[in-house]
Amino acid sequence: MKFLMSIPLLLGMGLTGCDNTVLNGVGGIPNISFSGSVAGHAKNVQIQAVGIDSNGQPNRDSEGKFLGNIYVTDSDGHFEGLVQGAYTSAYLLVATYTDVSTQVTCEIPSNVGSCIDGDGKTYTFGQTFTVPVTQLRCDIADSLGGCRGGAGEAIAFNETYELSDGILDNATDGFEMWGAVNQIENNDVLSITPVTHLAAKLALSEFVSDGIDCDDTSCDTNTSINGMLTAQSIHEANSRVQNLFSLSTAFHVQTSFWTPLSGESSADSIQQVEHAKHGLLVATWPIFSQQRDESLKTTLNWWLESFLSHSGQLISADPSGDATKEFDLESLFAAALSVSAVETDANILNASKAFDSILNGAACSALLANITTCIGSDYPVLEGEELLDEKVALARDLVAKVQLWVADLEDKNYTSFFDETGSTVMTDEFHLMSEKLALFQLQLAPDVQGLFRPISEFVYYALTCTATCDETYEYKDNVVFDADTGVFTLNYDQGENLYPKLSMSGSFHDSSSAGVIATTFTFNETLKVETALGLSQVIVSSSSAPNILFAVSAALTADGKPDVNTIDLSLPEITVQAKKVGVEGEYQDLVYVGENIKLTMVGVNDALYPDKPKHFNIFEMDIPGKIQYGIGDSAESIEFAITLISKNAFSFYTGADDEIFPDLDFTLDVEAFKQFSQFNPLSETGSVDYATSQLAGFLEPSSDIEVKKAIPVALNYIEIFNYAALEEGLKTILDLEGSQQFDGVGALEYPGGMTAWAIWNESSSSAVQMARQCLKVSGKWGCFDPQVVSSLGCGDTFGKTQSTVRSIFEYFQEKECIQNVTIDGAGIYNIDYGSTIIVPGVPYDLTFEKPITLGIDNLNVRVFSRFKDDDENDRPVAFINVLGKILDEENISLSVSLTHNYLGNANLTGLSFTDLAPVGEHTLWFTMGQQGGDSSDELTYYVQDGNITLAMKAFDKTFDNEEPIGFIRYAGSLVATISREGGVYVIRYANDTWQLL
């Protein structure tokens, strides 16, 4: 178990985003309905609510298109939509104004609702419909000049015109308008306007320099780059735009906007005044377009470029007097006042007064070329909260500490992390305890690791004695069976100084339940396994007894061996004592105590050799325990718990014929994990030596893989058109009703598995054909979600609305998307099609490409220290937590945190999700993700010191992010950003000071 204290210093876990496409009742959570309007009173605008991934980027598909259901606006620019109730993060609202008609597929399941186009016509899931060119209605009074069409023609008030009418320097191409919101609640009313567009673009922008003109306090910034959309960045950007434009209540994206086409507002209220403010600002968009004789798209870009060029502010008044030079706040408010002048509604007049007071106020009227600072520029300071400069000072201290902490971690000297200035008590104790842990690993780890196999082998041997006992069992001559009591007893002792010594006894009882045939072996006296290094005991008490449950495929009979599927070990209490070196019969004050240990093993067969005996893999284990050194009140300890769930234990076969049960070998090669995280690669590929990188057989390929490489293996393509002839497991999943027209199943069949596609029509009269991919592994079927046949794709789109399963397989074969198959326990095999198109009944040779390994789907290691100081008083608890997945050598995600003075429960039980990033006096949290193929590696840091936190992500290479990015916060509020500017890392603080990292 030596890896417990070394892994946390090296690793981390990658985070994943999620799509927000509507699925009914994900996790039992209902979908969320929302509605809204877009600027321009525009019909046939396509609306998407796009989720944000873990990189802070809007979700996109492989072609870079936004992921999210498409909704279409009606003749009033109104839309209604649904989002997944299970998705609770931020959204980017995207309104796409198109100058050409486009084809859209309805992606809303029929049990949720339907799609509606701009004319109110409904479409069901899978149907394709046409969204025509976007149409706008002019809402600018004729007295103000009306609107301007694409070719420069005059558009009168309330007249409809298309975005594609005319071309002026290609400026009428379609465009997007954005809005960003932290979360969508049920029945929210949302707006997408030029004002929300500026805020959303600001939320996804950072302002950097070229990295050349930098010193310790400043950098010349002149370039905006793609940043991250987070709840914080969206909130801050919306806040800045809200203050800049004097919007007082809800954010503009959540504030409806008034338009002259909607008539007078219904009530004279604060809310309606805010609607009027927003509407007046929106109405200036076509005014500027008309005045500048350019398209709405060009005007919108002009606004955005001016806004971002000043890092999210605007010049108050352009001194040049030339409106083509700079979009300024004075011109914007003046245009808004001109719109209000032709209206009589009291709400509009009250809104205009707010803009008038800004233009004519003493503070702002004195500004000329200065950046606007008179509205909402100061950071609010709540009672009892640190001032901004004080927060920045604390942030600078954290940066200095982090550099010391990381340096300490690299050389395993923890002084700066664990101790106050001038003190080394905690560090000394930490190193001393590490030495004691190393002693335990040397003297007791082999006993802990070797305890489980003797127990499993003895009970399995007893189970085989229903007819004739297994003659291959090593200790069969030392087992006694009492026919009267049904007790099996093993006593093995070769004499003094000869090891091992084994003692265990118990009996079986039936424990079958509905649908499960099982028998349980319960131990009736304490088990003992003694070696030259120590004594392991599994305690039997009056309150609890250890037992092993065997689930079998059929009832036990007297004429055959049991077919065991699953073995569950439950061991309430284990103690392992270390012997003194060179002193026979005496023990050290070093002991391991395990409580409520559970271990599940599953039996599997070899896909290539089905007649081989089953091998048992560890599927799940939960091993809590304590290592204690010393006695009484002065005893020190380290408490830990290991939880592990395998990825493919039900199908992976090791090939170790003579060892059907695994050892719990926790030896984990640290250098191998350095290679995994690519901190210290030993080769150009960072490959791992599996011989020195094991965890109970995990990550180790099959032992007879060399033999399997040379075995002739073939694959067959089969087709089935009779639904009744399908296997029952597949029919249960497909669940095609009588009204649905079954069109066949095609499948690639190979040892141990099958890859299949099923197709059908929803009814005999339906033109929509559906497809579903299904896999059979180790005799069990599983299927992916159904999809429309025309949406199938491999590099491009299949495109056919009606097909046969043969055509589907031929398409994937031609596109080289079914070039190999996975045979569990053996590896990945390439298919040799030759030059032929796939044909039923013709065998195709399979050639070995690479092995597969037994992966870990869930790993959690929790470690608490219980140290003493010089006065025998308890020191604050230190907490180490490791989480993650190790699916194979190319797909790894791990998270490791180290916390000083842990503020949680300080025990192994009751850890909640919030404890995954533990809160304490100091916390270091590293996460690392590595995916195979073309995906990128990701490294995340989270560092906490009291109220100050630093978070930073680094990417090797991704589509959207090529540089690290980070934030420093005080009690959640942003204090600084970290970015790479040219060749240096710059920390830019909120009080306009700088620091080079």
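The link between Cys106 and Cys115 is right-handed, with 85 degrees about the S-S bond, and in this predicted model the two residues are joined as a disulfide whose sulfur atoms lie 2.2 Å apart, S to S. Cys106 is buried, and Cys115 is buried as well. A search of the whole structure finds 5 disulfides, and the link just described is one of them.

Another of these bonds joins Cys138 to Cys147, with an S to S distance of 2.2 Å. The link of Cys138 and Cys147 is right-handed, with 85 degrees about the S-S bond, and Cys138 is buried, as is Cys147. Further along the chain, Cys774 and Cys783 form a disulfide with their sulfur atoms 2.0 Å apart. This disulfide is right-handed because the torsion about the S-S bond of Cys774 and Cys783 is about 105 degrees. Cys774 has a relative accessible area of 1% and therefore counts as buried, since the cut-off for a buried residue is under 20%.

From these links we can turn to the chain as a whole. The chain has 16 helices and 47 strands, and of its 997 residues 52% count as buried. Among the contacts in the chain with a separation of 6 or more, 61% come from residues that are 24 or more positions apart. The chain exposes about 43,000 Å², and carbon and sulfur atoms supply 50% of that area.

Where do the buried nonpolar residues gather? The largest nonpolar core has 93 residues, and those with the most contacts inside it are Val38, Leu92, Tyr97, Met177, Ile184, Phe245 and Leu332. Helix α3, which covers residues 270–292, gives the most to this core, with 9 residues. Ile184 can serve as an example of the contacts made by a core residue: leaving aside residues up to four places away in sequence, Ile184 touches Ile32, Phe34, Ala49, Val83, Tyr91, Leu93 and Leu190. A second, separate core has 66 residues, and Phe488, Val529, Phe616 and Leu859 are included in it.

One of the helices, α12, spans residues 452–463, and 11 of its 12 residues are buried, so that the helix is mostly covered. The buried residues of α12 are Phe452, Arg453, Pro454, Ile455, Ser456, Phe458, Val459, Tyr460, Tyr461, Ala462 and Leu463. The length of α12 can also be checked: at 1.5 Å a residue, its 12 residues should span 16 Å, and its end C-alpha atoms are 17 Å apart, which agrees.

A run of paired strands can be followed through the next part of the chain. Strand β20, residues 501–510, is joined by 3 bridges to strand β22, residues 527–530, and these two strands run antiparallel. Within this pairing, Ser503 has Lys528 in β22 as its bridge partner. On to the next strand, β22 pairs with strand β23, residues 534–538, in the antiparallel sense over 4 bridges, and a hairpin of 3 residues joins β22 to β23. Glu530 stands opposite Leu535 in β23.

Strand β23 in turn is joined by 5 bridges to β25, and these strands also run antiparallel, with Ser536 opposite Val576 in β25. Which other strands pair with β25? Strand β24, residues 547–552, pairs with β25 in the antiparallel sense over 6 bridges, and here Phe550 stands opposite Ile567 in β25. Strand β26, residues 587–604, pairs with β25 in the antiparallel sense over 12 bridges, and the bridge partner of Leu571 in β26 is Ile597. Strand β25 itself, which covers residues 564–579, is mostly covered, as 12 of its 16 residues are buried.

Read in order, the pairings therefore lead from β20 to β22, from β22 to β23, and from β23 to β25, while β25 pairs also with β24 and with β26.

Definitions and conventions. Residues are numbered from 1 along each chain as its sequence is written. This is a predicted model: local features need pLDDT of at least 70, side-chain atom pairs count only at pLDDT 80 or more; totals for chains, interfaces and linings use all residues. Side-chain values use heavy atoms; hydrogens and water are left out. Buried means under 20% relative accessible area, exposed over 50%, partly exposed in between (1.4 Å probe, protein chains only). Contact means heavy atoms within 4.5 Å. Accessible areas come from the Shrake-Rupley method with a 1.4 Å probe; for residues, only the protein chains shown count as cover. A disulfide is a pair of cysteine sulfur atoms within 2.5 Å. The expected span of a helix is 1.5 Å times one less than its number of residues. A nonpolar core is a set of buried Ala, Val, Leu, Ile, Met, Phe, Trp, Tyr and Cys residues joined through side-chain atoms within 4.5 Å.
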